[in-house]
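I open a fresh page for this structure. My plan is to go through it piece by piece and write down what I find.

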Amino acid sequence: MLKKVFLIRHAQAAVNGGSDKDRPLTPDGERDSRYLGRWLLQREISFDSILCSTALRAKETANNLVLELNVGDSLVAFDEELYEAPVRILLKALNTIDEKVITIAMIAHNPSITYLAEYLTAAPIGNMDPGGVVEIDFDGLKWSELGQATGAFKSYHSPAQLNVG
């Protein structure tokens with residue numbers, strides 16, 4: 001069975017505003033995360049689950065996606081470990097997903113979210129922009145089998161490419 005993972009870097013956040021974890025999205029970040037939700041909706045992509053960092057900017061990104069996709073916020077699982085997590089922790093979160101889940105989004109932070117995309121696909125993605133998304137397919141694997149170069153890179157889109165108004 002084909003599994004799909006959408007790795008999403010949280011949208012643009014304010015440079016300051018208290019602790020790093022409490023930085024909110026900028027107006028551009030709000031707009032870009034809504035564009036991402038609309039783009040996913042237009043492509044008829046639905047998620048079985050959304051894994052999300054507990055940082056405010058990631059939560060706001062997830063909330064905007066849920067609003068645009070018109071799905072319940074119970075779809076989002078907030079995980080403290082995804083905040084400032086190294087690749088091995090992000091991978092562990094994917095490796096422990098229930099096998100009933102087919103399509104998932106993970107909203108986390110750079111540089112780890114970009115490194116995870118490159119690790120899983122061996123694709124030279126570079127630096128994901130805030131609000132960017134990488135789509136990866138895994139054919140015939142269990143979640144526990146995801147690892148280095150096991151995924152097929154499908155696409156990377158920056159917010160500028162997702163402007164669907």
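Before I start, I need one cut-off: a residue counts as exposed when its relative accessible area is over 50%, and as buried when that area is under 20%. I also note that the model I am reading is predicted.

**Entry 1: unusual backbone spots**

I began with a rule of thumb. Most residues other than glycine have a negative phi, and most peptide bonds are trans. I went looking for exceptions.

I looked up asparagine 70 first. It sits in the loop between α2 and β3. Its phi is positive, near 60 degrees, and the residue is not a glycine. Is asparagine 70 buried or exposed? Its relative accessibility is 70%, so asparagine 70 counts as exposed.

Next I checked glutamate 44. I found it in the loop between α1 and β2. Here phi is positive too, about 55 degrees, in a residue that is not a glycine. Glutamate 44 counts as exposed because its relative accessibility is 73%.

Then I moved to alanine 122. It comes just after α4 and has a positive phi of about 60 degrees.

Last, I checked the peptide bonds. Which two residues are joined by a cis peptide bond? They are asparagine 110 and proline 111, with omega at about 5 degrees. I placed proline 111 in the loop between β4 and α4.

**Entry 2: the sheet**

I reminded myself how sheets are held. Strands of a sheet pair through backbone hydrogen bonds, either parallel or antiparallel.

Here I traced an open sheet of six strands. In what order do the strands lie? I read β3-β2-β4-β1-β5-β6, with mixed pairing. The edges are β3 (76–79) and β6, and each of these pairs on one side only. On average, neighbouring strands are turned by 20 degrees against each other, ignoring direction.

I also looked at what lies on the sheet. Helix α2 packs on it and touches β1, β2 (49–53), β3 and β4. The direction of α2 makes about 155 degrees with that of β2.

**Entry 3: strand β5**

I followed β5, residues 133–139, more closely. Six of its seven residues are buried, so by the cut-off above each of those six is under 20% relative accessible area.

On one partner, I looked at β1 (residues 2–9). Seven bridges join β1 to β5, and the two run antiparallel. I picked out one pair: valine 5 has isoleucine 136 of β5 as its bridge partner.

Then I looked at β6 (residues 152–157). It pairs with β5 over five bridges, again in the antiparallel sense. Here glutamate 135 stands opposite serine 155 of β6.

**Entry 4: helix α1 against helix α2**

Two packed helices are described by the angle between their axes and the distance between the axes. I looked up both values for α1 (residues 27–42) and α2 (residues 56–69). The angle is about 40 degrees, and the axes are 8 Å apart. That angle makes α1 oblique to α2. Their crossing is right-handed.

I listed who touches whom. From α1, the contact includes Glu30, Ser33, Arg34 and Leu36. From α2, it includes Glu60, Thr61, Asn64 and Leu65. How many residues of each class are in this contact? I noted six nonpolar, four polar and five charged.

**Entry 5: helix α4**

I finished with α4 (residues 112–121). It is mostly covered, with seven of its 10 residues buried. Which residues are they? I wrote down Ser112, Ile113, Thr114, Leu116, Ala117, Leu120 and Thr121. Their cover includes β1, α3 (87–95), β4 (103–108), β5 and β6.

I then turned to α3 and α4 as a pair. They pack at about 65 degrees, with their axes 9 Å apart. This crossing is right-handed. Val87, Leu90, Leu91 and Leu94 make the contact from α3. From α4 come Ser112, Ile113, Tyr115, Leu116, Tyr119 and Leu120. By class, I noted nine nonpolar residues, one polar and no charged ones.

Key
Residues numbered from 1 in each chain as written. Predicted model: local features only at pLDDT ≥ 70, side-chain atom pairs only at ≥ 80, totals over all residues. Heavy atoms only, no water. Buried < 20%, exposed > 50% of the residue type's maximum accessible area, 1.4 Å probe, protein only. Helix = DSSP H or I, 4+ residues; strand = E, 2+ residues; numbered from the N terminus. Pairing = 2+ DSSP bridges. Axes fitted to C-alpha atoms, helices over the stretch in contact; angles between N-to-C directions. Parallel < 35°, antiparallel > 145°, perpendicular 65-115°, else oblique. Left-handed = near helix turned anticlockwise from the far one by under 90°. Contact = heavy atoms within 4.5 Å. Nonpolar A, V, L, I, M, F, W, Y, C, P; charged D, E, K, R; others polar.
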